[in-house]
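Biologist: I should like to discuss how the protein in this entry meets DNA and how its copies are arranged. Please show the sequence and structure before we begin.

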2 protein chains.
Amino acid sequence: MAKSIQSLQRAAAVLRLLAGGERRLGLSDIASSLGLAKGTAHGILRTLQAEGFVEQDPVSGRYQLGAELLRLGNSYLDVHELRSRALVWTDDLARSSGESVHLGVLHLEGVLIVHHVFRPDDSRQVLEVGAMQPLHSTALGKVLAAYDPVARGEAVRGAREQLTARTVTDLEQFEAIVELTRSRGWATDVEETWEGVAAVAAPIHDRRRMPVGAIALTGAVERLCESGEVRPELITAVRECARSVSRDVGAGRF
Amino acid sequence: MAKSIQSLQRAAAVLRLLAGGERRLGLSDIASSLGLAKGTAHGILRTLQAEGFVEQDPVSGRYQLGAELLRLGNSYLDVHELRSRALVWTDDLARSSGESVHLGVLHLEGVLIVHHVFRPDDSRQVLEVGAMQPLHSTALGKVLAAYDPVARGEAVRGAREQLTARTVTDLEQFEAIVELTRSRGWATDVEETWEGVAAVAAPIHDRRRMPVGAIALTGAVERLCESGEVRPELITAVRECARSVSRDVGAGRF
DNA sequence: GTGCAGCGGTCGGCATTGTCGAACACTGAT
DNA sequence: ATCAGTGTTCGACAATGCCGACCGCTGCAC
C-alpha cells in the first residue's frame with residue numbers, strides 16, 4: 001500500500017484523541033499529545049470545525065467532537081448490509097426470548113455493536129449501538145476470535161484486562177475457550193465482563209463461510225442461567241437466529 | 001477565518017457524498033462527482049480506509065462509510081452535555097405521557113436528533129438518534145427556528161418541501177407560525193411531516209437564554225390530539241420538561 | 001476467443017500546499 | 001502589575017499532496 005496523506009492521518013488522530021478523552025481538550029494539549037506544532041494543530045482543528053466534525057466551546061476555547069460525526073455514523077448504519085438483513089431476525093429473537101439482542105462486528109481491537117434490540121419490557125435501557133466491547137471476555141468477542149483469524153490475533157496480542165472475578169486473562173485458558181467455541185459453534189459469557197450479566201453468542205457467516213459478525217443474547221444471569229450454565233433452549237435460539245441471518249446474507253450476495 | 005486545509009475539505013466532501021448516496025460508490029463516480037482527478041480521489045480514499053472511516057467491498061471495489069464513524073459518533077454522544085443532562089427528564093416525560101420523546105439540536109439545515117426515548121410499550125420502534133428532521137414542518141424545527149436566528153435563516157432560505165397535504169410551504173404563513181411559536185413558547189406538528197403523526201415541542205435555553213436545543217413529544221395523531229389540537233396537558237408536560245432541562249443546563253455551567 | 005471499454009490502482013514531476021515556529025491578543029491567577 | 005497560560009495569526013520555506021498519463025485487470029459484447 002502506498003503512502004497515506006499526512007494531514008488526513010493527523011486529522012484522524014485528532015478525532016481519535018478527542019473521542020478518547022472524556023472531557024474537552026485544549027489546543028495545546030492536542031498539539032503536544034500528537035507531537036505537532038500548535039499552528040499545525042490549529043489548522044487541522046479549524047478545518048474540522050468548519051466541516052462540523054469538531055466543535056469548540058466559545059467560552060473556554062476547548063474542542064470536542066462535532067455533530068456531523070453522529071450524522072455520518074447514522075448513515076453508516078443505513079448502508080450496513082449485515083445490519084439491515086439481521087433486523088427482523090434479531091427482533092424475533094428478542095421477542096421470543098424476552099431478552100436484549102446485540103449484533104457485533106470486529107473493529108480494531110474489539111467488537112463494535114452495530115445493532116441493539118432492547119429487552120421487550122418497560123425497564124430503562126441505554127442504547128449501546130456504536131459502543132465497543134472487549135474480545136476476550138464477551139460472548140460476541142469469543143465467537144469472533146474463534147472464527148476470524150484477525151480477531152483471534154488481536155485477542156491474543158492485546159491486553160486481556162481483568163474485568164470481574166471470573167474474567168479469563170490467562171493465554172492458555174483463553175485459547176482453550178476459543179478452541180471449544182469453534183468446535184461447538186457458540187460461546188458464553190457468565191459474569192466475565194459485567195457482574196450479574198450473562199450472554200450467549202453465535203457467529204454469522206457469508207456464503208464463503210467467512211465470519212462477518214456475531215449475534216448475542218444478553219441478560220441478567222439469574223434469568224439466563226440455570227446452575228451456572230446458560231439454559232440450552234436459549235443457546236438453540238441464538239444459533240438458530242445466527243443461521244437465519246447467515247442464510248439471508250449468503251442468499252443476497254449475487 | 002483563515003484558509004482551510006484542502007485535503008481535509010475534500011475528504012469531508014467524500015464522506016458526505018458517501019453518506020448521501022444510498023448505495024456504495026465507485027472510485028470514478030466519486031472523483032467525477034467532486035471534480036477531482038482519479039489519483040487524487042484514490043489517495044484520499046486510501047487514507048480514509050486506513051483510518052477506518054471508509055470501507056471497500058473487496059469484490060466490487062466500491063466504497064462505503066466505515067465503522068470508525070459509528071464509534072466516533074457514539075463518543076460524540078458521550079461528551080454531549082445537553083444530552084446527558086436531559087436523560088432523566090426526557091425519560092420521565094416518556095413514562096408519564098406514554099409517548100416517545102426526542103431531543104434535537106440545530107445542525108446544518110435541519111434538526112439533528114441526539115436523543116430518543118422509545119414509547120414505553122412493546123411495539124417495534126426504530127431508533128432515530130443521528131437522523132435529521134426538516135426545520136419547517138416538525139415541531140422541533142419550528143421551535144428552533146423561532147428562537148435561534150441561524151435556524152430561522154436556514155428555514156426561510158431553504159426549500160420548504162411539501163411532505164404531506166398539511167405541510168406549510170408558503171413563506172408568509174411559515175413566518176406567522178414562527179412568530180406564534182415565539183410568543184407562546186411551544187410549537188406543534190399535526191401531520192405536517194408524516195401522515196398520522198403529531199408532535200409538540202418546547203425550547204431549551206442556557207443561562208444566557210440562548211436556545212441550545214428542543215424537546216418534542218411524538219406519537220399517533222389520534223392519541224395526541226383532540227379535535228385537531230394537541231391535548232393541553234401534553235403541551236404543559238413538554239414545556240415543564242424543557243424548563244427542567246434548561247434549569248439543569250443553566251445551573252451546571254459554572 | 002478476442003476485442004474493447006470500463007474499472008481501480010500506481011507512479012513521478014511539478015508547484016501548490018500544508019507545515020513550522022515566532023509573534024500576537026487575550027484571559028485569569030498570582 | 002506581572003506572568004504564565006491560552007487560542008490564534010502570519011509568512012517563509014520546502015515538503016507535500018495534486019495531477020494526468022500509464023498499468024493490469026475484469027467483464028461484457030461481438
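Biologist: Into how many nonpolar, polar and charged residues does the surface near DNA strand C divide?
Modeller: In this predicted model, a residue is near the strand if one of its heavy atoms lies within 4 Å of it. There are 17 residues around DNA strand C. They divide into four nonpolar, eleven polar and two charged.

Biologist: Which residues come nearest to DNA strand C, and which part of the strand do the protein atoms meet?
Modeller: Residues of chains A and B come nearest, namely A:Thr40, B:Gln6, B:Leu27, B:Ser28 and B:Tyr63. Of the atoms of DNA strand C that come within 4 Å of the protein, 80% belong to sugar and phosphate.

Biologist: How far is a phosphate oxygen of DNA strand C from a polar backbone atom of B:Gln6?
Modeller: B:Ser28 approaches a phosphate oxygen of DNA strand C with a polar side-chain atom, at 2.6 Å. B:Gln6 uses a polar backbone atom instead, and its distance from a phosphate oxygen of the strand is 2.5 Å.

Biologist: What relation superposes chain B on chain A?
Modeller: Two copies of a chain are related by a rotation about an axis and a shift along it. Here the rotation is 180° and the shift 0.0 Å, with an RMSD of 0.1 Å. That is the relation of a two-fold axis.

Biologist: Why do the copies meet through the same surface?
Modeller: The interface residues of chain B can be compared with those of chain A. The copies meet through the same surface because the share of chain B interface residues that are also interface residues in chain A is 100%.

Technical notes:
Residues are numbered from 1 along each chain as its sequence is written. Chains are lettered from A and ligands numbered from 1 in the order in which they are written. This is a predicted model: local features need pLDDT of at least 70, side-chain atom pairs count only at pLDDT 80 or more; totals for chains, interfaces and linings use all residues. Side-chain values use heavy atoms; hydrogens and water are left out. Copies are superposed by least squares on the C-alpha atoms of residues with pLDDT of at least 70 in both. Contact means heavy atoms within 4.5 Å. A polar contact is a pair of N or O atoms within 3.5 Å; within protein, one must be able to donate a hydrogen and the other to accept it, and residues adjacent in sequence count only if both atoms are side-chain atoms. Ala, Val, Leu, Ile, Met, Phe, Trp, Tyr, Cys and Pro count as nonpolar, Asp, Glu, Lys and Arg as charged, and the others, Gly among them, as polar.
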